[in-house]
Amino acid sequence: MGGPASVGGRYLSSTDNFLKAPFRFPCVIVEADGSEHEEEVEWETCEHLFQAMKFDSINGGTKTWNHCRKIQEVQGAMEAWSLGQSRKCPLRKDWEKMKGHAMYLAVKAKYDQYPEYDSELVNTTAPIKAKRSTSNWQELNSIVLERVRFELSMVSSSKVDESSLEYKSWCRATSLSTKSNPVTVYLFPASAAAVEKPVAKKRRRWKLCSKGLDEMLRSFRSIISRCYSTKEQNFYVKRKNPAVFIKVQDILLKR
């Protein structure tokens, strides 16, 4: 889940995977005629891209491509996380083995495109402790951030000692597992993404059997009269042999 990591007792906002910091990442766009091309797609947060990466874009087909586009377009990291919990589309079979690598790719892309975040992270040396999270994500997020900091430091000044930071062990934890498919997100073009029509809510009705009808109606009216105003008691009884339907208007919503 989201939240900034602690570095030497200080929290860095740039380390939050839920931080709104739009960045671009190469994805595969599938056109209506089935043709494909690579395109730099903007992602609002690291969480957005990470959640889309977990689905099997290669074998999932059009339903998965459309779902990944929904994740890319939704506002807010929590909403992206929620869409990522859907199991209507297949997950990558190797997801547990490569989820650390997926998060590394998203975090690295963000830092590469924000020099101010790059500088903020590189100018720290203390161990990074990610925010508490589910499963083993506190450990994985810490490893991801340590690896990204090391790589950014090597580019800027080569001041970090590789052996002291156990860079190879970080790579083992965050690299793509052997024989895995590449981490690729397939998307429909934004204009072609299917739009689901909202389902009309059915009006609430109570269906009563004719047996003991008068007693049930008296009881029902008694309850309504004690709980609601005269205006809220506006209801009608429609007799339709052998069933009787009672429709109550604006009662449940006005409690």
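At roughly what angle do the axes of helix α1 and helix α2 cross? In this predicted model, the axes of α1, which covers residues 46-53, and α2, which covers residues 57-73, cross at roughly 170 degrees and come within 9 Å. An angle over 145 degrees counts as roughly antiparallel, so α1 is roughly antiparallel to α2. On the α1 side, the contact is made by His48, Gln51 and Ala52. On the α2 side, Cys68, Ile71 and Gln72 take part. Sorted by class, this contact has 3 nonpolar residues, 3 polar residues and no charged residues.

Helix α2 can be followed further. It has 17 residues, yet its end C-alpha atoms are only 17 Å apart. A straight helix would reach 24 Å at 1.5 Å a residue, and α2 falls short of that. The helix also has a kink of about 85 degrees, centred on Lys63.

The next topic is burial in α2. Its buried residues are Ser57, Thr64, Trp65, Asn66, His67, Cys68, Arg69, Ile71 and Gln72. Among the elements that cover them are the strands β3 (23-30), β4 (36-43) and β6 (186-187). The helices α1 and α3 (77-84) are also included in this cover.

Two of the residues just named, Ser57 and Cys68, are also touched by Val185. Where is Val185 placed? It is in the loop between α7 (167-174) and β6. Its relative accessibility is 1%, and buried means under 20%, so Val185 counts as buried. Leaving aside residues up to four places away in sequence, Val185 touches Cys27, Val28, Trp43, Leu49, Ala52, Met53, Ser57 and Cys68. Ala52 is also one of the α1 residues in the contact with α2. Val185 and Phe50 are 135 residues apart along the chain, while their C-alpha atoms are separated by 9.8 Å.

A second loop residue is Asp94, in the loop between α3 and α4 (95-112). Is Asp94 buried or exposed? It has a relative accessible area of 17%, and therefore it is buried. Asp94 touches Ser177, Ser180 and Asn181, again not counting residues up to four places away in sequence.

Last comes the chain as a whole. Its secondary structure comes to 8 helices and 9 strands. Of its 255 residues, 43% are buried. Among contacts with a separation of 6 or more, 66% are between residues 24 or more positions apart.

How values were computed. Residues numbered from 1 in each chain as written. Predicted model: local features only at pLDDT ≥ 70, side-chain atom pairs only at ≥ 80, totals over all residues. Heavy atoms only, no water. Axes fitted to C-alpha atoms, helices over the stretch in contact; angles between N-to-C directions. Helix = DSSP H or I, 4+ residues; strand = E, 2+ residues; numbered from the N terminus. Parallel < 35°, antiparallel > 145°, perpendicular 65-115°, else oblique. Contact = heavy atoms within 4.5 Å. Nonpolar A, V, L, I, M, F, W, Y, C, P; charged D, E, K, R; others polar. Expected span 1.5 Å × (residues − 1). Bend = angle between axes of the 7 residues up to and from the residue. Buried < 20%, exposed > 50% of the residue type's maximum accessible area, 1.4 Å probe, protein only.
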